[in-house]
Amino acid sequence: MAELKVLKGPGKLAAHGIGSCVVLALWDPETGLGGLAHSMLPTASAQPDFEETPAKYCDTAVGALLASLAEQGAKSASCRAWLVGGANMFAALPREVPPLPLGERNLLSARESLRSWNVALLAEDCGGDRGRSMELDCSDGSVRVWSAWTAPRRL
Amino acid sequence: MNKPLILSPLELDALRETGNMGAARAATALSRLLGRSVNIDVPRVAVVSLDSLPSFIGGDEALVAAVYFRLSGGAPGCMVLLLDGQTLGPLLSTLMGSPVTSALPLSADSESALKEMGNILCGSYLNAMSDLVGFSIMLSVPALAVDMASSVLASVAADAAQHGAQALLLESRLLDWGQPIPLHLVYLPEPGALEGLLAGLARSTGVDPRGDRG
């Protein structure tokens with residue numbers, strides 16, 4: 001969690017047991033470079049550690065992952081994005097001051113950040129009350145998602 | 001980031017002793033409820049990082065049932081009872097008094113039974129703790145999730161805004177029901193809450209908790 005991984009294909013990057021977190025997958029078809037950022041909270045503002053762990057926050061994760069990919073030679077303009085996660089695992093939990101559950105706030109922040117970076121969101125598997133696992137195959141840019149109750153399917 | 005918590009052997013002993021007292025109370029309550037003898041032991045208490053918790057219960061994708069409480073009062077934070085998905089069948093059969101062959105998906109009755117089990121265990125433990133430290137600790141209503149261990153625990157950690165922090169793990173076992181059934185009780189303190197508990201314990205036991213800290 002709060003981690004950022006980059007890989008030049010062939011090979012796979014995976015995130016297991018995603019709950020209210022949001023995992024952002026980026027892949028550049030021109031270079032075969034792919035990356036995952038596993039974010040836990042919606043916004044970095046007012047958090048003391050966001051400069052050290054930008055991937056922890058949905059709004060700073062996009063820029064941080066794009067920068068890591070660019071360092072390896074990927075082009076931001078050709079990167080494609082997927083979002084997985086943002087579930088509300090304890091549906092019965094009494095809400096506190098923010099009216100939306102954390103998973104949903106994570107998603108809204110991640111989508112907004114992708115828009116501001118002009119990155120195309122190809123597909124997402126998000127929300128609901130179930131945990132997910134996912135993998136990105138950097139050789140062809142395919143993303144698979146599964147859960148405790150469902151077999152892997154291509155996103 | 002939060003600084004790592006290192007507890008002295010004396011502090012861990014004090015917490016385990018509280019765990020034993022809580023377990024005894026929970027066992028009495030369960031015995032009365034079920035009309036049969038119940039024993040619960042607490043073989044281990046440890047401070048573990050949240051990230052490593054799934055490894056105690058079968059890995060990131062292992063199926064678990066989690067009963068989740070927010071805590072308020074003298075030791076704010078949250079508490080989770082984690083049950084291994086594979087033990088749900090035998091556990092529910094005993095709780096419900098009739099064989100439960102396919103435990104999942106949980107029936108409404110099974111969900112209630114697990115929440116009640118969480119209430120009894122977490123409530124007993126916190127009452128024992130309250131009595132020792134001299135301040136009250138209140139439980140919220142329980143919330144239940146059955147899913148991959150990492151999905152559930154990461155959501156708990158995010159809800160508690162405690163990522164990177166450490167949790168107190170009380171490994172307990174329900175005995176006398178065939179194979180021992182592991183019950184993992186996890187306390188995620190808010191910043192400063194565990195220190196408050198330890199100070200309370202030190203006052204009540206008269207032991208300087210830092211006496212043998214290496």
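**Packing around helix α1 of chain A**

Beyond its neighbours within four places in sequence, L65(A) is in contact with L4(A), L24(A), L26(A), G35(A), A37(A) and A55(A). The model is a predicted one. L65(A) also ranks among the residues with the most contacts inside the largest nonpolar core, together with V23(A), L24(A), A25(A), V80(B) and L185(B). That core has 119 residues. Its largest share, nine residues, comes from helix α3 of chain B, residues 108-133. In soluble globular proteins, nonpolar side chains tend to be buried together.

L65(A) is one of the buried residues of α1(A). The others are C58(A), D59(A), T60(A), A61(A), V62(A), A64(A), L66(A) and L69(A). The buried residues of this helix pack against four elements of chain A: β1 (4-8), β3 (22-28), β4 (33-39) and α2 (102-116). The helix covers residues 58-71. Its 14 residues should span 20 Å at 1.5 Å a residue, and its end C-alpha atoms are 20 Å apart, so the two values agree. After α1(A) comes G73(A), with a positive phi near 110°.

Strand β5 of chain A, residues 80-85, is largely enclosed by the rest of the structure, because five of its six residues are buried. β5(A) has pairing partners in β3(A) and β6(A). With β3(A), the pairing is antiparallel and has six bridges. Here V22(A) lies opposite G85(A). With β6(A), residues 120-126, the pairing is parallel, again over six bridges. In that pair, L83(A) is bridged to E124(A).

Chain A as a whole contains two helices and nine strands. Read from the N terminus, the order is β-β-β-β-α-β-α-β-β-β-β. Of its 155 residues, 51% count as buried. Contacts between residues at least 6 apart in sequence were also examined; 66% of them join residues at least 24 apart. The C-alpha trace spans about 45 × 40 × 25 Å along its principal axes. A compact globule of 155 residues would have a radius of gyration near 15 Å; chain A has 15 Å, which agrees.

Chain A also touches chain B. The contact involves 22 residues of chain A and 22 residues of chain B. On the chain A side, strand β2 (residues 12-18) gives the most, with three residues. By class, this side has 13 nonpolar, six polar and three charged residues.

Definitions and conventions: Residues are numbered from 1 along each chain as its sequence is written. Chains are lettered from A and ligands numbered from 1 in the order in which they are written. This is a predicted model: local features need pLDDT of at least 70, side-chain atom pairs count only at pLDDT 80 or more; totals for chains, interfaces and linings use all residues. A nonpolar core is a set of buried Ala, Val, Leu, Ile, Met, Phe, Trp, Tyr and Cys residues joined through C-beta atoms within 7 Å. A residue is buried if 20 or more other C-beta atoms lie within 10 Å of its own, exposed if 12 or fewer, and partly exposed in between; C-beta atoms are placed from the backbone. Two residues are in contact if their C-beta atoms, placed from the backbone, lie within 7 Å. The expected span of a helix is 1.5 Å times one less than its number of residues. Ala, Val, Leu, Ile, Met, Phe, Trp, Tyr, Cys and Pro count as nonpolar, Asp, Glu, Lys and Arg as charged, and the others, Gly among them, as polar. Two strands pair if DSSP finds at least two bridges between them. The radius of gyration is taken over C-alpha atoms; the globule rule is 2.2 Å times the number of residues to the power 0.38.
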